[in-house]
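Reader: I have the model open. Walk me through the strand pairing and the helix packing, with reasons.

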Amino acid sequence: MAKYYGLNELREMFLSYFESKDHLRLPSFSLIPQNDASLLLINSGMAPMKPYFKGEVEPPRRRVCTCQKCIRTGDIENIGKTARHGTYFEMLGNFSFGDYFKREAIHWSWEFLTEVVGLEKDRLFPSIYENDEEAFEIWNKEIGIAPENIFRFGKKDNFWEHGSGPCGPCSEIYYDRGEKYGCGSPDCTVGCECDRYIEVWNNVFSQFDNDGNGNYTELVQKNIDTGMGLERLAVVCQDVNSLFDVDTVMNITKHVTKITGAAYGQSNKTDVSLRVITDHIRASTFMIADGVQPTNEGRGYVLRRLLRRAARHGKLLGVNRPFLFEVVETVIRENESHYTYLRERAEHIIRVVRNEEENFNRTIDTGMRIFGEKLAIHKEKGEKVFSGEDAFLLADTYGFPIDLTAEMLEDEGMTVDMERFTACREEQRVRAREARKALGDLGWAGIDFGSDVTATEFVGYTEYNCEARIVAVCVGEEVTGSIAGGEKGVIVLDKTPFYAEMGGQAADHGVLMMGDSRFEITDVQKDKGGRYLHTGTLTRGAMKVDDAVCAAINVERRKAIMRAHTATHLLQKALKSVLGDHVHQAGSLVEPDRLRFDFTHYSALTPEELSKIDMMVQDAVLEGYGVDIREMPIEEAKAMGAMALFSEKYGDTVRVVNMGSYSIELCGGTHLDNTAKVGPFCIESEGSVASGVRRIEAITGRACLDEMEQNRHNLYAACAALKTKPQGLQEKLSEQFEEIKGLKRAIETINAKEAAGEVDRFLFGARNIGGLHIITAAVAQADANKLRQMGDLLRDKDASVVAVLATVNDGKITFLATCGKDAVAKGLRAGDLVKLVCTECGGSGGGKPDSAMGGGKDVTKVDNALALVDDFVTSKLQ
């Protein structure tokens, strides 16, 4: 009988053992994959190690060990029904990145299991991939396992791969738990589906990379990926029925039984529900701690499904209130000795779980009633398939998840028409998309909130924050009524200080606050119904319709936008003054301290015109014109000379922005109260965007100050480098340029003389083959231009020359071949020569008969390549 060890104890034993084998202990990676689009959640100990295995990233050490948190949801429907299935588990692993391989991996796995943990040797049975003779020899000859106790299995069982990434043959170790866990069959042995022989260790010999499409390539380095389920090892050491009976997991179940009043072990149906709740809250706690939030897609939907499935099983046990959040404390207590961060994030985890439970409770009761009514109708008709239309009605109208519908139908001996359900869902999405297109608004602005949600009152001209009430919430493509932590969505308020993006002015950013709840706003749009749609992410807590919130804009951002917008009006006035009255606005974009202004004009602006326009704007800023903003009848505004956009349609009453009678425009945007607050202004660029339309881009305020400071820093850095003062910089640069030109000419003269000298030495040492003078040489510290220059000199000096020169720079080879006119006449071609030597070095090249160039990759073969030239010339002359 194996010695009893607790789960936390076994984890530490494993990590400490491999630290003694010179492995670096790494903490568990997050459950959220980093830079791996092939995975929704980390599902194995190897998954985060892919970059190390593939040689893309240098590992912190060639030997590492971890205890990795994992989530697998492919068989979520079987959770609780069997002893083998769990959503969350921990995978112990020791890894070698091009260091040790099969022999050490097998020996250490055996040593740990038998000498450290103390498992009985006669109860351990290894398996190998059917063709892996090396592994067989190690198990048989070195470990001493009898051949009949070593089991050979095919690719399905003993070739490890999980999606894309490193993979390879494996050798598993099974533990015989005894006949009491067996199926009773006389043929029961390793590989049987019963629970007698349990796999506790898997040595994966990673030597291939799977691209995800069934294509395998050899890895640059051979690696070891060893995996052992921590819970499975605890099952063996504690001699319990399943992973749900392991000490730390059972303590969670005990808390659930205390809340529900259901006794564990009295009925299979009750046990299934207890196991589902235990597994799902355990998985959810770790997912939330790692940053996953309940949403309607991706890993967020996995979390939402787990929590709602657990809540539903709570209802089956008679609990009709939120309770899962109470169990979080036990999950943390059982795991915090190793995962210390759980305690730090406890408050956040509990809040997320409770919010999700409360939201689900608001939908499930009505959904259960409607489900019961629809189920009764189907049963009356004797049907075994629940209609897809009814399932979609439950999901779309009552927020009842399709997976819960399917699960409850399974309890009734029925199935759901998933094909029709999917079709109904797609039809609804198409209708929603078409409806939004018909409205003509962008993104969220096309969502139908219904007539009950009226227009938003905008108070942002005079207020930076205000108290408001939430009148609508949208998450995904649905009007949901509430939003939970981590979700992205839209909130509509009865009134708002947030300016919506329009008229070329960027939207305000900011926050909605309610107690500890916080909704970060990154965009605001106005729909055709006058509703302001605040788009953002709920970073903390939860919000719902009718909640009272404090809406506060980012004041510094608003001020920066106002600086740019007021400057835009001054710019348009300056353009008309300098270029003429034909100038009209053709578009604009106003962002924090940046503006883009498109205007009608027939030609590019001259430097003098740009300078004059820039100066006029700055003069208007310095004048400090007061900005008066009033609403008035449009005829009165026109009488004042207010500028309007040709493309814009105005009502009877308009908003007029008057800057000291210097600039008067119709405008709905936000502005400063004095032009002096624009601060510095600078035109950055001017160019064409269409025929007859020009564009100016400019900066103001802080952006301008930052650029001025950077320019000042660059100026003084240049002066310091040249040992001069700013007023003498231009003269100093002119002197430096002249000096550089002289040095370049001197260097060119020296290089030419050096090249001529080398050419003479090459000719003096040339080999005579059939009257041709053969030269092969590697030239140090040369580039392609120097080789070309030397080739020209060789041809000019000797009509019978055949030369191949090589140089190496930064690991790359450059070859030059040249043939004099007499050599060409005898059939030699420079292009043929360069192809010969380039091919030998793994490269390519070509050119004319008298001169050709190319490149190579393998620098170790340069001498071999040059040695081929003599034989090549000889063959051509025969």
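Reader: What makes S18 and S22 a pair in this predicted model?

Author: Strand S18 (residues 510–514) shares four bridges with S22, in the antiparallel sense. Pairing requires at least two bridges, so the two strands qualify. One position to look at is Val511, which stands opposite Ala552 in S22.

Reader: How do you know that S13 pairs with S22?

Author: Count the bridges again. Five join strand S13 (residues 465–475) to S22, and the two run antiparallel. The threshold is at least two, so S13 and S22 pair. Cys466 has Ala551 in S22 as its bridge partner.

Reader: Why is S22 called largely enclosed?

Author: Strand S22 covers residues 548–553, and five of its six residues are buried, so the rest of the structure largely encloses it. Buried here means under 20% relative accessible area.

Reader: What makes S23 and S28 edge strands?

Author: Take the sheet order: S23-S24-S29-S28, open, four strands, antiparallel pairing. Strand S23 (585–591) and strand S28 (681–690) each pair on one side only, and that makes them the edges. From one strand to the next, the twist averages 15°.

Reader: What joins S28 to S29?

Author: Eight bridges, in the antiparallel sense; S29 spans residues 693–700. Among the positions involved, Ser688 has Arg694 in S29 as its bridge partner.

Reader: Which strands does H16 touch?

Author: Helix H16 (residues 555–579) packs on the sheet and touches S23, strand S24 (594–600), S28 and S29. Touching means heavy atoms within 4.5 Å. The direction of H16 makes about 30° with that of S24.

Reader: Where does H17 lie?

Author: Helix H17 (residues 607–623) lies across S28 and S29, and runs at about 130° to S28.

Notes:
Residues are numbered from 1 along each chain as its sequence is written. This is a predicted model: local features need pLDDT of at least 70, side-chain atom pairs count only at pLDDT 80 or more; totals for chains, interfaces and linings use all residues. Side-chain values use heavy atoms; hydrogens and water are left out. Buried means under 20% relative accessible area, exposed over 50%, partly exposed in between (1.4 Å probe, protein chains only). Axes are lines fitted to C-alpha atoms, for helices over the stretch in contact, and angles run from 0 to 180 degrees between N-to-C directions.
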